[in-house]
Amino acid sequence: MPMLLEVKPDQPHVVLHSEELITSEMKQSEETVVAEKPLIHLHDYYRQVPVASVHTTCGEAATMMNQDQEHPCIVLCDDQMKPTGLLMRETLYRMLNGRFAADLFYRKPVIQVVNKSPVIADIHMEASTIIDIALGRDEQHFYDCLLVTDQGRLLGVLTMRDVMSLSRRLQQVVTEERIRTVTESRQEISRINNAVTKLVNAANQTVHEARGIMALSKRGEESLKHVDASYNRVHQHMESQGQHADHMLNSIKTGSGMAHSIRSLADQSGLLALNASIEAAHAGEYGRGFQIVAGEIRALAKQTREVAGNMSSLLENIGGLTLQTVELVKASGAEIDDSSVHVTAGGATFRQLNSAVRDLSRIAEEIAMEGGKAGEVAEHIRTKLDEMVSNSE
C-alpha cells in the first residue's frame, strides 16, 4: 500500500517564533525593508483534493487516492459543495490494511468513517487566526487537513505543511515589518539627532552672540554714565554762569545808577557854570577870565553828560544781553536736565537689556547642555537600532 504523503515531524508542536527560522529566512530574503506590508492570501496555499458524495464507498475512495498519490485526503460534500466530512489518506489506508479490512470496509459508505467535524476556515479569515486554529486542535486530529471555503462552498484544503508555510510567510511579513519599523525609527532618530545638533549649535551661537551683546550693552551703559557725568558738569558750569550773569546784572544796575548820578552831577555842573558865566558877565572886564573858566566847565559838563548818557545806553544794552544770556542759560539748564533724565532712563534700559541678555544666555546654555544630552541619547538609540538591524540581517 502507498504511504501517506504527509510526513509527521519528530516534534508534535510547530515553533512559530524560532530565531533560527527567522535568521534563515532573513538570509534568503534579498529585500529587508518593504514600503508596504504585503498581503497574505489563502488562494496561494490551499490545494485541490478529490470530492466524494454520501454514496461513495471506501473502495471508491481508495481508488481516488491511488489515482493521484499527492492527494492527502478526500472531502465529503453535499450537492451544494458544502463540506460534511473529511477522510485523511492515512486513516483510509489504516482501515484497509487490516487482514479482513477489505471485507469489512471496502463496500462500506465512506460517510460512516469520515471525520464529520473537520476544521473549516473561510477564505477571508486572517492567516494568524487559521494558524491558531490549526495549532489548537487535539493530537488525534492535529495533522488533519483544514477545509477552505468561500460562503460555505469548498475551495480546497490546507495540509499541516501548508499551514507551516503560511506560518513561515507570516513570520517573514512580521520580520520585514519589524525591520521596516526599526529602519524608519533609525532614520527618524537620525533626523532628531541632526535637529538636536543644529539646536545645540544654534544655542551655542546664541550664547556667543549674547555675550557680545552683553559686552556692547556694558560699554553702552558706561558711555551713558560718562555722558551723564558730562551733563552734570555742564549743568554745574551753566549754574555758575547763571550766577555770574546775575552778579553782572547787579553790577550793571549799579553802574547804570552811577551813570545817572554822573549825568545828574554834570547837569548841576552845567547850571553852576552857566550861573558863573552870567555873574562873570556882570563883573565886566574883571570877570572875563572867570567867564572863560566857566565856559570850559560848562563844556566839560556837557561832555560828561554825553559820556554818561552813552554809558547809560551801553549799560542798558549790556544788561539786556546779559538778561538774554541768563534766560538762555536757564533754558539750556532745563534742556540738560531733561536730557539727563533720558540718559538715566537709557542707562536703566541698558541694564535691563543686559539682564535680559544674561538670562537669554543662561537659557541658551541650558538648551545647549540639555540638547547635548538629548543628542547623546539619540545617538545611543540609533546605535542600538543599527545593532538590531545588523543582527536581523
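Reader: Before we start, which runs count as helices here, and from where are they numbered?
Author: Welcome! Helices are DSSP runs of H or I with at least four residues. They are numbered from the N terminus.

Reader: Thanks! How many helices and strands are in the chain?
Author: Keep in mind that this is a predicted model. Reading along the sequence gives the pattern α-β-α-β-β-α-α-β-α-β-β-α-α. In that pattern α stands for a helix and β for a strand, and the count for the chain is 7 helices and 6 strands.

Reader: What share of the chain's residues count as buried?
Author: A residue is called buried when its relative accessible area is under 20%. The chain has 393 residues, and the share of them that count as buried is 34%.

Reader: Let's turn to helix 7. Where do arginine 362 and glutamate 366 lie, and how far apart are they in residues?
Author: These two residues form a salt bridge, with 3.3 Å between the closest N and O atoms. Helix 7 holds both of them, and about one turn of the helix separates them. In residues, the spacing is 4.

Reader: Are arginine 362 and glutamate 366 buried or partly exposed?
Author: Partly exposed covers the range between under 20% (buried) and over 50% (exposed). Arginine 362 has a relative accessible area of 42%, and glutamate 366 has one of 38%. Because these values fall in that range, arginine 362 and glutamate 366 are partly exposed.

Reader: Which residues do salt bridges that share partners join into one network?
Author: Here a shared partner is what links one salt bridge to another. The residues joined into one network this way are Glu177, Arg180 and Glu184.

Reader: How many salt bridges does the structure hold?
Author: One of them is formed by arginine 169 and glutamate 176, whose closest N and O atoms are 4.0 Å apart. Arginine 169 is partly exposed at 25%, whereas glutamate 176 is buried at 10%. For the whole structure, the number of salt bridges is 7.

Reader: How many residues apart are aspartate 162 and arginine 47, the pair that links distant parts of the chain?
Author: Their side chains meet in a salt bridge, at 2.9 Å from N to O. Aspartate 162 belongs to helix 6 (residues 160-283), while arginine 47 sits in the loop between helix 1 (19-28) and strand 1 (51-52). Along the chain, the two are 115 residues apart.

Reader: Which of aspartate 162 and arginine 47 is buried, and which is partly exposed?
Author: The cut-off for buried is under 20% relative accessible area. Aspartate 162 has 8%, so this residue is buried. At 25%, the partly exposed residue is arginine 47.

Reader: Which residues form the negative surface patch?
Author: Helix 7 (residues 288-392) gives the largest share of the patch, 3 residues. One member, aspartate 337, lies in helix 7 and is partly exposed at 38% relative accessibility. The full membership is Glu239, Glu335, Asp337 and Asp338.

Reader: What kind of aromatic pair do phenylalanine 142 and tyrosine 143 form?
Author: The structure holds 1 aromatic pair. The ring centres of phenylalanine 142 and tyrosine 143 are 5.1 Å apart, with 80° between the planes. Because plane angles over 60 degrees fall in this class, the pair is edge-to-face.

Reader: And which residue of that pair is buried?
Author: Tyrosine 143 counts as partly exposed at 23% relative accessibility. Its partner has a relative accessible area of 6%, and that buried residue is phenylalanine 142.

Reader: Where is methionine 81 placed, and what is its phi near?
Author: Methionine 81 is in the loop between strand 2 (73-77) and strand 3 (83-88). Its relative accessibility is 27%, so it counts as partly exposed. Its phi is positive, in a residue other than glycine, and lies near 60°.

Reader: Is glutamine 151 buried or exposed?
Author: Glutamine 151 is in the loop between strand 5 (146-150) and strand 6 (153-158). Its phi is also a positive value, near 55°. With a relative accessible area of 73%, which is over the 50% cut-off, glutamine 151 is exposed.

Reader: One last thing: how far apart in space are alanine 299 and alanine 273?
Author: Alanine 299 is in helix 7 and is partly exposed at 34%. In sequence, 26 residues separate alanine 299 from alanine 273. In space, C-alpha to C-alpha, the distance is 9.0 Å.

Terms used:
Residues are numbered from 1 along each chain as its sequence is written. This is a predicted model: local features need pLDDT of at least 70, side-chain atom pairs count only at pLDDT 80 or more; totals for chains, interfaces and linings use all residues. Side-chain values use heavy atoms; hydrogens and water are left out. Patches are made of residues with over 30% relative accessible area and no salt bridge: like charges are joined within 9 Å, nonpolar side chains (Val, Leu, Ile, Met, Phe, Trp, Tyr) within 5 Å. Accessible areas come from the Shrake-Rupley method with a 1.4 Å probe; for residues, only the protein chains shown count as cover. Lys and Arg count as positive and Asp and Glu as negative; His and the chain ends are not counted. The place of a charge is taken as NZ of Lys, CZ of Arg, CG of Asp or CD of Glu. Buried means under 20% relative accessible area, exposed over 50%, partly exposed in between (1.4 Å probe, protein chains only). Rings of Phe, Tyr and Trp (its six-membered ring) pair if their centres lie within 6.5 Å; planes under 30 degrees apart count as stacked, over 60 as edge-to-face and the rest as tilted.
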